[in-house]
Amino acid sequence: MITKSPLRLGAATAVAAAALAAAPTGTATADQPRERRTTTITFEVPDCDGCTLQLQNGRWDDDAPWGVRVWESQEKQVRDDVVRFTVPTHRTEGLSVLVRAPWEGHTGYVTTVAMRYAKKQAGDAVGLREAKHTRNASACWAGTDADSLTFPITVEKVRVDGVQERVPGSIAYATTTQEWIDPMRAAWHGVLGSQDANICGERPA
């Protein structure tokens with residue numbers, strides 16, 4: 001369920017990082033440290049021109065203020081069903097994707113792409129009907145070592161409970177289930193929303 005209070009960001013066991021279920025369009029540069037490489041991700045987002053996407057990486061880090069380190073990209077607008085980001089490769093582990101659609105009302109949260117719905121495994125196709133009947137999802141991608149890849153996302157207009165009334169909102173999910181990182185958390189009829197940074201992976205002991 002999407003609440004109007006800050007989301008609970010509990011720690012959970014991280015799943016080992018892996019590539020997208022669909023074959024990437026490039027391969028990693030073997031002779032360069034991962035921390036110095038970049039990955040170009042082409043998000044395919046049909047019928048969502050005017051939507052903006054923003055990437056976020058939130059990780060537990062005892063050396064950071066409040067024990068959390070958050071990296072965010074600039075927002076980019078979908079044009080001709082496509083938007084492209086080039087990001088540090090190591091940031092793809094635990095990456096979340098935030099979506100803002102032009103039709104959305106005052107929801108009180110930012111729509112977040114579900115990388116994996118409960119009971120789905122990496123490589124499973126996801127349809128709108130089954131997505132809307134799901135109550136739990138992960139916002140955290142396990143990441144990739146590829147230099148470039150294409151990442152299809154489905155974004156559909158739905159009605160949601162807003163701050164004061166029912167308003168237009170969005171459901172967003174990876175069209176093909178991705179390798180993910182915990183936590184799995186509540187999704188209202190498949191809608192995953194964020195009010196705070198998504199913190200992915202296991203909190204250091």
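Mentor: Let's start with what helices and strands are here: DSSP runs, at least four residues for a helix and at least two for a strand, numbered from the N terminus. Lys119 belongs to neither, as it is found in the loop between β8 and α1. Keep in mind that this is a predicted model.

Trainee: Got it. Why is Lys119 called exposed?

Mentor: Exposed means over 50% relative accessible area. Lys119 has 81%, so it counts as exposed. Its phi is near 75°, a positive value in a residue other than glycine.

Trainee: And Lys120, is that one buried or exposed?

Mentor: Buried means under 20%. Lys120 comes in at 17%, so it counts as buried. Lys120 also sits in the loop between β8 (116–117) and α1 (128–131).

Trainee: What makes the contact between Glu130 and Lys120 a salt bridge?

Mentor: The cut-off is a side-chain nitrogen of Lys or Arg within 4 Å of a carboxyl oxygen of Asp or Glu. For Glu130 and Lys120 the N to O distance is 3.0 Å, so the pair qualifies. This pair links distant parts of the chain, with Glu130 in helix α1, Lys120 in the loop between β8 and α1, and their positions 10 residues apart. Glu130 is partly exposed, at 36%.

Trainee: How many salt bridges does the structure hold?

Mentor: Five. Among them is the one between Glu93 and Arg59, whose closest N and O atoms are 3.9 Å apart. Since the limit is 4 Å, that pair is counted, too. Glu93 is in the loop between β5 and β6 and Arg59 is in strand β2, 34 residues apart.

Trainee: How do you know that Glu93 and Arg59 are partly exposed?

Mentor: Partly exposed is the range between under 20% and over 50%. Glu93 has 23%, so it fits, and Arg59 fits with 24%.

Trainee: What about Asp161 and Arg166, why do they count as a salt bridge?

Mentor: Their closest N and O atoms are 3.2 Å apart, which is within 4 Å, so they pass.

Trainee: Then why does Glu104 have no salt bridge?

Mentor: The nearest side chain of opposite charge is Arg100, 7.0 Å away. A salt bridge needs a nitrogen and an oxygen within 4 Å, and no such pair counts for Glu104, so it is left without one, although it is buried. Glu104 does have a partner of another kind: its side chain makes a polar contact with the side chain of Ser170.

Trainee: What makes that a polar contact?

Mentor: The limit is a pair of N or O atoms within 3.5 Å. The one between Glu104 and Ser170 is 2.7 Å, so it passes on distance. The side chains of Thr42 and Arg84 make a polar contact as well, at 2.9 Å. Thr42 lies in strand β1, and its 12% relative accessibility is under 20%, so Thr42 is buried.

Trainee: Which residues gather in a patch of negative charge on the surface?

Mentor: Glu44, Asp47, Asp49, Asp80, Asp81 and Glu156.

Trainee: How do you know that Asp47 and Asp81 are open enough to join a patch?

Mentor: Patch members need over 30% relative accessible area. Asp47 has 70%, so it clears that and is exposed. Asp81 clears it with 31%, so it is eligible while counting as partly exposed. Asp47 is found in the loop between β1 (38–44) and β2 (52–60), whereas Asp81 is in the loop between β4 (76–77) and β5 (82–88).

Methods. Residues numbered from 1 in each chain as written. Predicted model: local features only at pLDDT ≥ 70, side-chain atom pairs only at ≥ 80, totals over all residues. Heavy atoms only, no water. Patch = residues over 30% accessible without salt bridge, like charges linked within 9 Å, V, L, I, M, F, W, Y side chains within 5 Å. Areas by Shrake-Rupley, 256 points an atom, 1.4 Å probe, with all protein chains shown as cover. Lys, Arg positive; Asp, Glu negative; His and termini not counted. Charge placed at Lys NZ, Arg CZ, Asp CG, Glu CD. Buried < 20%, exposed > 50% of the residue type's maximum accessible area, 1.4 Å probe, protein only. Polar contact = N/O pair within 3.5 Å; in protein donor to acceptor, adjacent residues only side chain to side chain.
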